[in-house]
Amino acid sequence: MTRSNSQHESVKRRRAVLACTGAQDRSDLVAVFKHDFTAWCNHCAWTYRVRTVDEHGNERPAFVADVPFDLWDCQVRASSEIISAIQSGEDVVVRKSRDMGASWLLSAIAVWGWMFHSWQSLLVSRVEDLVDRSGDPDCLFWKIDYLLQTQPRWLLPCDHDELVKGGTLRQHLVVRNPVSSATITGQASTSHIGRGGRRTFVMFDEFASLDDAEESWRSSADCTSSRIAVSTPIGAGTAYERLVTLARSSTSPRIVELLYTDHPEKSIGAETRVDADGLVTGVVGATYTWSPWLAQQLLRRDRIDLAQNVFADSVQSGESFFSSAVIDRHVKQALTPVRGEIVRGEFIESDGGRWRIFVAPCREKRRDYVLFADPAYGTGNANSAVCVMDAVNCEVVAEFCDPTIAPHNLSLEMMSAGRSLFRGESDRLPMCGWEVNGAGSAMHHDFEQGRYYSVYKQRQVGTSMESVTSRVGWTSTRRSKRTLLSDLARELSQGGVLVRSVEALEEMRRYVVMNDGAIEAGTSRDLSTGAREAHGDRVIALAGALMLCSEAPTSVLTKGDDGLPSFTMGSLLKHGEITKQF
């Protein structure tokens with residue numbers, strides 16, 4: 001049966017339940033639904049899908065978002081295990097890949113218990129807005145409201161209007177059943193979960209990301225006999241990882257798995273493969289399930305992201321972020337640099353020079369370049385590093401390292417290099433960028449005073465257009481740093497960037513995953529520069545330069561007969577014809 005025919009049958013089933021009028025028929029259906037969660041879901045429940053996966057593994061926006069909540073086979077198995085654990089008073093840990101519908105499934109179980117079994121359910125997430133915020137499909141109570149509002153009126157203990165948020169039975173963080181006194185309540189995670197009440201079960205959403213997960217799990221034992229931890233892993237050393245380890249070695253808590261291999265769309269065309277070089281799983285020789293969908297994810301995600309959100313494996317604390325196999329491959333392509341200084345626009349070779357040139361700029365045929373800096377304070381502790389990259393083919397052509405240069409002088413060095421050695425085609429100044437945290441906070445003033453205006457400006461991330469803002473430089477946060485390094489890791493594995501610096505590649509080996517999932521570089525003395533502590537400065541400069549390659553104007557635009565790049569305003573307004581007259 002095709003997907004469209006299957007959905008048509010699903011809608012027909014729901015219409016039949018909706019149109020049921022006979023007292024005996026309704027009574028029979030209630031008896032079936034009370035006994036069988038899957039039957040209720042497949043005949044009465046709806047869900048909201050924002051994307052689907054086609055037969056080629058591509059994720060697409062869903063053409064219709066409101067769809068029947070027909071359980072997948074893996075969801076039938078998971079719900080049976082979870083409901084059995086609730087009824088027998090056992091704990092459960094759910095190990096899942098991202099986007100497997102686990103939150104929807106647990107919300108549906110809570111609604112089913114509220115409608116048919118007088119359950120007192122408590123739903124917990126990291127912050128209150130993730131539990132109950134009006135208009136937010138990501139929060140748990142939006143799903144609860146959606147499931148209740150799409151139920152046949154005759155199955156509910158009250159009118160739909162009374163269950164609208166703000167109604168008599170639906171207040172913030174709670175929905176009440178007027179007949180059975182059942183409730184579904186919500187709470188942000190604290191060390192005092194459910195204090196003063198008794199709950200049929202407590203569900204912790206994205207348990208691995210809770211700041212006080214250990215205390216919350218422990219305290220909730222006082223109010224319920226059934227605790228359910230649902231999460232994708234974020235790293236080792238978390239309370240969630242300890243629960244998973246305990247569940248694998250004992251019968252308590254029960255472990256329930258919802259993995260991408262069980263997804264009816266993501267597993268299309270699945271086959272078992274061997275990870276010969278460890279680039280997919282991180283383990284040489286490991287077997288994994290390949291599918292067209294996974295092939296698309298390999299192009300979008302770094303190895304750590306794949307491990308956590310696709311394979312649902314906790315990356316161990318201290319594990320390398322960058323694949324050693326990929327680094328080894330790039331080391332073979334590294335070049336011995338020529339060291340020297342840039343003096344009055346000319347490169348002067350010297351053994352102790354701070355500049356390292358891997359690919360000399362061609363005077364006859366100029367290329368477009370970008371420069372990105374990870375500045376230090378110049379106290380000798382850490383390097384100030386600059387990476388110069390060909391903006392077209394993303395090849396590292398030069399780098400600068402000095403532990404004693406002050407941020408102001410680093411700005412002058414970058415502007416001098418940009419105006420001389422690395423000036424682009426048509427005398428275009430290369431785009432310069434830098435990390436603004438700490439030592440780089442005032443470098444934009446240096447560039448303004450130097451009248452160097454080709455600088456990187458941050459984008460308004462998360463908006464539909466992601467337009468350029470007026471904020472100069474790159475701000476390092478845990479999220480932005482992860483994105484920056486993930487982009488570098490992905491391009492390294494796919495050959496989208498060519499790194500010529502052995503020192504930068506060796507620094508990559510020291511980037512590790514921390515207990516909380518953050519990515520940090522270990523420290524070591526840099527004998528090539530004299531820096532007392534190398535913190536992976538070259539790697540940040542390299543990753544930043546790669547980011548700039550997608551932002552910088554280059555000469556790759558085709559030019560028309562007027563000599564102007566196609567599709568520019570100058571070309572469209574025929575400015576070339578005007579300039580020929582002068």
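## A walk from a loop to the cores

Let's start at asparagine 393, which sits in the loop between β19 (384-390) and β20 (396-402). Keep in mind that this is a predicted model. Is asparagine 393 buried, exposed or partly exposed? Its relative accessibility is 37%, and because the partly exposed class runs between 20% and 50%, asparagine 393 counts as partly exposed. Its side chain reaches the backbone nitrogen of glutamate 395 at 3.1 Å. Leave out the neighbours within four places in sequence, and asparagine 393 is in contact with Arg367 and Gly496. There's a long-range pairing here too: asparagine 393 and leucine 498 are 105 residues apart in sequence, yet their C-alpha atoms are 8.1 Å apart in space.

Those contacts take us to α14. This helix covers residues 478-494, 17 residues in total, and goes 24 Å from its first C-alpha to its last, close to the 24 Å expected at 1.5 Å a residue. Right after α14 comes glycine 495, with a positive phi near 80 degrees. The buried residues of α14 are a mixed bunch: Ser480, Lys481, Arg482, Leu484, Leu485, Ser486, Leu488, Ala489, Arg490 and Leu492. As a reminder, an α-helix has 3.6 residues a turn, so residues three or four places apart point the same way.

Now over to α3, residues 37-44. How many of its residues are buried? The count is 7 of 8, so α3 is mostly covered. The buried ones are Phe37, Thr38, Ala39, Trp40, Cys41, Asn42 and Cys44. At the start of α3, aspartate 36 puts a side-chain oxygen within 3.0 Å of the backbone nitrogen of threonine 38.

What does α3 pack against? One partner is α5: Phe37, Trp40 and Cys41 of α3 meet Leu105, Ala108, Ile109, Val111, Trp112, Met115 and Phe116 of α5. The two helix axes come within 11 Å and cross at roughly 105 degrees. That angle is why α3 counts as roughly perpendicular to α5.

Step back to the largest nonpolar core, which has 57 residues; the members touching the most others are Phe37, Trp40, Ile82, Trp114, Ile144, Ile184 and Ile228. Two or more residues come from each of α3, α4 (73-88), β5 (92-96), α5 (102-116), α6 (140-149), β10 (201-205), β11 (227-231) and β12 (254-258). Which element gives the most? That would be α5, with 12 residues. Tryptophan 114 is worth a look: setting aside residues up to four places away in sequence, it touches Trp119, Leu148, Leu156, Pro157, Leu163, Val175, Arg176, Asn177, Ser180, Ala182, Thr183 and Ile184. Apart from this core lies another, of 43 residues, and among them are Val370, Leu492, Tyr511 and Leu542. Leu492 is also one of the buried residues of α14.

Last stop: serine 97, in the loop between β5 and α5. Its relative accessible area is 2%, so serine 97 is buried. Where do the polar atoms of its side chain find partners? One lies 3.0 Å from the backbone nitrogen of tyrosine 260, and the backbone oxygen of valine 310 lies 2.6 Å from a polar atom of the serine 97 side chain. Not counting residues up to four places away in sequence, serine 97 touches Thr232, Leu258, Leu259, Tyr260, Asn309, Val310 and Ala312.

Notes. Residues are numbered from 1 along each chain as its sequence is written. This is a predicted model: local features need pLDDT of at least 70, side-chain atom pairs count only at pLDDT 80 or more; totals for chains, interfaces and linings use all residues. Side-chain values use heavy atoms; hydrogens and water are left out. Buried means under 20% relative accessible area, exposed over 50%, partly exposed in between (1.4 Å probe, protein chains only). Helices (H or I, at least four residues) and strands (E, at least two) are DSSP runs, numbered from the N terminus. A polar contact is a pair of N or O atoms within 3.5 Å; within protein, one must be able to donate a hydrogen and the other to accept it, and residues adjacent in sequence count only if both atoms are side-chain atoms. The expected span of a helix is 1.5 Å times one less than its number of residues. A nonpolar core is a set of buried Ala, Val, Leu, Ile, Met, Phe, Trp, Tyr and Cys residues joined through side-chain atoms within 4.5 Å. Contact means heavy atoms within 4.5 Å. Axes are lines fitted to C-alpha atoms, for helices over the stretch in contact, and angles run from 0 to 180 degrees between N-to-C directions. Angles under 35 degrees count as roughly parallel, over 145 as roughly antiparallel, 65 to 115 as roughly perpendicular and the rest as oblique.
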